[in-house]
Each structure stands twice: as structure tokens, then as C-alpha cells.
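Grab a pencil and open the model in your viewer. Try each exercise before you read its solution.

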Amino acid sequence: MENASFILYPKIFEENSTSYIVKIKYPDLNVWMEQVLGCFTWAPTNHILFQIGNSALGIGLLAPDTTYGLLTLHGLFTLGFLLLSIWSWVILCAPDFFSWNFAFMIMNAVQTLFHMYHIRPVKFCDELEDLYIANFEPLRVSRSSFKKLVCADYCTMMTLHEGESYCTQSITKTDKLGLLISGVMSVYCNRNFLHHIKAKQFIDSPEFESSVTGEEKFQVSIVAGSSCRYIFWPRQSLEYLLIKEPYLAYVMSVLLGRDITNKLYALNEKVVTPSGSRMDIRLPSVSNTIKSRHDIRKAVVGIPSESNMNELMSKVNSIDIDTDSDGMYL
């Protein structure tokens, strides 16, 4: 029985008599059994820090695959690895355990701060906040996208006092797009009042959409009827931004189309025939004339350009303009 050891186990048969049972232990066999079958004896339960740390890691893995879910995941991982780092340094006293857990804690802490920065609330001044809620939030434009649209790199916010001009007929180029934030503006053509522009409406959407190069001239004059605050985008800057932001480009196209439609119907209220009936801009004879003209506002109210005088007169006959009683002459 080479390499065997003998172990005596006491066995009590009666109160004052004891016998011993001899068991033979083979070291090589026991080591082989532990390697194949695992542990015969288990260590006591680890410290409470170890349990809480792993619980945090497990809960973090249950976070959903959303923006806030990722923030929850990395936040719980940071907490879990922090507790494991304390456990490995104070309780286990194992530098390698501490080093790995601490490194994982740092990486998840950086990810947590990164996600917190990206989901931080984006706030605007009161004027832009009202504009965002009224025009862009219903179309599901995110605050971060709207912030890009109104940042100083692409647009400028200006103030006009009563009587000051936003543009002058046949002088100002159509190389920008304006949006009225507050106040009222009036549109005139050849000293004839056309319509008002109210807050949250684009100022020059017809000219912006009909212009090709931005070198064309305004066919109307736009004057502030009260103290006005507006924001405007240079054409090149806005087009560059919309190329990078496809959804924002789609939203702007929708807003511009709706604004132009509202302006056309506002002008339609001023167009009457000699019999006193309203002229419907949806009629083929009128709509075709509008499409062929760059100066959309003038086309609707019947103020022809020199090049299209004969064509307009042949399609829309005897159109009178209802002048506004409070109209201003430039």
C-alpha cells in the first residue's frame, strides 16, 4: 500500500468504550477525483459587497435596448464594478482582481457620462421655445435637430422696428429665408397692399422656393407693421445644413409648402371678378399662370410683370384688387 495514508476515525459504541475505524486515503487518487469531479468541499459565502456588486451587474443586463436603457446599463455596471473593486481590495486583498474590476468601472463610468451628455435636455430662449413648440415639435423634430437649425453658424436673429423694411421691391436679392418670430409685417407691391405676415410664419417663402440661384430680386416690398423679431437663414448655409439633415430637409419642405399655400389663399380673398365673385386659384387658367411666374404673389392678385402682361390678360380677365383701408404706401 505504497503512498497510502491511514486515518483513524473514532466510533463510540457504548458510553465508556471506543473503537476506531481505519480508512485508507490515497493522495493521488483524491487529487485526480477533485480535478475530474470538482470540489468536495465548498468555501463559505463571500462578503456582502461581492453579492451586491454581482446583483447590480445582473440587473444592468436586463436594461432594454433604448437610449435610457443604455444609460441604465452602464450606470449599474459602474456601480457593480465599484463594489467589486472595494471587495477585491479590502476583503479579498487580491491586486489582480482589483485591477480588472477598477478598469471595467472606469470604462463604464465614461460611457455613462457620454450617454448623459447626449440625452441632456436642450433648452432655448423663450422666443425660440415658442417657435419650436408651434412649428417643429408637432412634426417630431428633435430638440437637437432644431438646435442645429437655429444655431449661430447657420442663421441670424434680427429686430425690425415699425416702418423698417425687410426687403425692397426690385432691389433686394432673394438669397435668404426669413421666419417671423413675433410682430406683424405687411407685404406691398407697387404700393398696393397684398397681405399681412403674422408671427410663426415664413416671411419670404414664395420667393425662396421660386428662386433658383438667389440672384433674383424681390417683386414685393415687406415692411414691419410693428416691432418685429425674426430669424433668417442665408440660402447657401440653409441648403448645406439640409443636405446633412435629410429629415430636417423634409420638414422644412412641408412647412414651406404649407406657408406658401396659406399665403396664396390669403391673396385669393382679395381677388374678385367684375361680378363680385371670388377667383379660385385652383382653377386651371389661374394655377397655370401662377406656375409659369416667379413672382407668385403678383400672379395671384393680378399684378403682372412686363414680360407676362399679355399672357396674364388673356387668361385672367378683368381682375380687380380690393385695396386695404389701412394700407401703407411706400
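Below are five exercises, each followed by a worked solution.

A note before you start: this is a predicted model, where local features need pLDDT of at least 70, side-chain atom pairs count only at pLDDT 80 or more, and totals for chains, interfaces and linings use all residues. Residues are numbered from 1 along each chain as its sequence is written, and side-chain values use heavy atoms, with hydrogens and water left out.

**Exercise 1. Take stock of the whole protein: how many helices and strands does the protein have, and what share of its residues count as buried?**

Step 1: count the elements, and you get 12 helices and 11 strands (DSSP runs numbered from the N terminus: H or I of at least four residues for helices, E of at least two for strands).

Step 2: check burial, where 36% of the 330 residues count as buried (under 20% relative accessible area; exposed is over 50%, partly exposed is in between, with a 1.4 Å probe and protein chains only).

Step 3: turn to the surface, where about 20000 Å² is exposed and carbon and sulfur atoms supply 59% of that area (Shrake-Rupley method with a 1.4 Å probe; for residues, only the protein chains shown count as cover).

Step 4: look at the contacts (heavy atoms within 4.5 Å). Of those with a separation of 6 or more, 65% are between residues 24 or more positions apart.

**Exercise 2. Work out how helix α8 is placed against helix α9, and which residues make the contact.**

Step 1: find α8 at residues 235-244 and α9 at 246-268; their axes come within 5 Å and cross at roughly 125 degrees. The axes are lines fitted to C-alpha atoms, for helices over the stretch in contact, and angles run from 0 to 180 degrees between N-to-C directions.

Step 2: name the arrangement. That angle makes α8 oblique to α9, since under 35 degrees is roughly parallel, over 145 roughly antiparallel, 65 to 115 roughly perpendicular, and the rest oblique.

Step 3: list who touches whom. From α8 come Leu238, Leu241, Leu242, Ile243 and Lys244, and from α9 come Pro246, Leu248, Ala249 and Met252.

Step 4: sort them by class, and you have eight nonpolar, no polar and one charged residues (nonpolar: Ala, Val, Leu, Ile, Met, Phe, Trp, Tyr, Cys and Pro; charged: Asp, Glu, Lys and Arg; polar: the others, Gly among them).

**Exercise 3. Go to Gly178: is Gly178 buried or exposed, and what is Gly178 in contact with?**

Step 1: place Gly178 in strand β5.

Step 2: read its relative accessibility, 0%, so Gly178 counts as buried.

Step 3: skip neighbours within four places in sequence, and the contacts of Gly178 are Tyr166, Phe202, Ile203, Asp204, Ile231 and Phe232.

Step 4: pick Ile231, which is 53 residues from Gly178 in sequence but 5.7 Å away in space, C-alpha to C-alpha.

**Exercise 4. Look into the sign of phi at Arg191 and Lys200.**

Step 1: recall the background, which is that most residues other than glycine have a negative phi.

Step 2: check Arg191, whose phi is positive at about 65 degrees. Arg191 sits in the loop between β6 (185-189) and β7 (192-197) and is exposed at 51%.

Step 3: check Lys200, with a positive phi near 75 degrees. Lys200 lies in the loop between β7 and α7 (205-210) and is partly exposed at 27%.

**Exercise 5. Find where Gln169 is and how far its side chain is from the backbone oxygen of Gln219.**

Step 1: look in the loop between β4 (165-167) and β5 (176-182) for Gln169.

Step 2: note that Gln169 is buried, at 17% relative accessible area.

Step 3: take the distance: 3.5 Å separates a polar atom of the Gln169 side chain from the backbone oxygen of Gln219.

Note on methods
Polar contact = N/O pair within 3.5 Å; in protein donor to acceptor, adjacent residues only side chain to side chain.
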